[in-house]
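User: I'm new to this one. Could you take a close look at one part of it and talk me through what you see?

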Amino acid sequence: MDLISLAREIGFAIQNDDDYIDYKVTEQNVECDHELQEIIEKFNLKKVEINHEISKETPDTEKIDKLNEEIGSLYREMVSNETMKAYNESKEKFARKLQAVSFIINKSAEGQDPYNIEIEEDNCTGSCATCGGCN
């Protein structure tokens with residue numbers, strides 16, 4: 001079997017993985033949560049508004065401060081929403097699994113035995129820059 005066929009099998013396995021399915025379900029839940037969508041829309045509009053104000057030749061610092069407060073409040077409201085919390089948790093869990101798969105493939109391509117590559121999930125900082133598997 002060639003590598004491209006194996007990659008397609010990995011892709012199929014990924015899409016049938018419980019963590020992937022959970023991630024996609026929680027993503028759909030975010031899209032269906034009308035209250036959360038309103039918060040996200042307001043948040044995005046405030047970001048556009050602040051960017052517009054900042055880009056002016058003479059920005060109104062009081063308005064920028066007020067917009068920053070509003071953006072912060074909307075952000076806190078958004079991330080404290082239970083639907084968003086579930087989504088972020090499932091997204092992070094799936095991303096860690098995908099990172100482990102990538103780590104194994106990369107280390108295998110470097111010549112390591114794929115069956116003896118240890119995954120140390122607890123050492124992940126969440127930043128690809130600090131990951132030994134990417135650099």
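Analyst: **Two helices and their aromatic links**

Helix 4 and helix 5 have axes that come within 5 Å and cross at roughly 70°. Here helices are DSSP runs of H or I, at least four residues, numbered from the N terminus; axes are lines fitted to C-alpha atoms over the stretch in contact, with angles from 0 to 180 degrees between N-to-C directions. Keep in mind that this is a predicted model, where local features need pLDDT of at least 70 and side-chain atom pairs pLDDT 80 or more, while totals for chains, interfaces and linings use all residues. Residues are numbered from 1 along each chain as its sequence is written, and side-chain values use heavy atoms, leaving out hydrogens and water.

The two helices are therefore roughly perpendicular (65 to 115 degrees). Where they meet, Met78, Val79 and Ser80 of helix 4 touch Glu82, Met84 and Lys85 of helix 5, contact being heavy atoms within 4.5 Å. Those residues split into 3 nonpolar, 1 polar and 2 charged.

Each helix also has an aromatic partner elsewhere. Rings pair when their centres lie within 6.5 Å; planes under 30 degrees apart are stacked, over 60 edge-to-face, the rest tilted. Tyr23 and Phe94 have centres 5.7 Å apart and planes at 10°, so they're stacked. Tyr23 sits in helix 2 and Phe94 in helix 5, so the pair ties together parts 71 residues apart in sequence. Both are buried (under 20% relative accessible area). Phe43 and Tyr75, with centres 6.1 Å apart and planes at 40°, are tilted. This pair links helix 3, home of Phe43, to helix 4, home of Tyr75. Phe43 is buried at 11%, whereas Tyr75 is partly exposed (20% to 50%) at 44%.

Note on methods. Phe/Tyr/Trp six-rings, centres within 6.5 Å; stacked < 30°, edge-to-face > 60°. Buried < 20%, exposed > 50% of the residue type's maximum accessible area, 1.4 Å probe, protein only. Parallel < 35°, antiparallel > 145°, perpendicular 65-115°, else oblique. Nonpolar A, V, L, I, M, F, W, Y, C, P; charged D, E, K, R; others polar.
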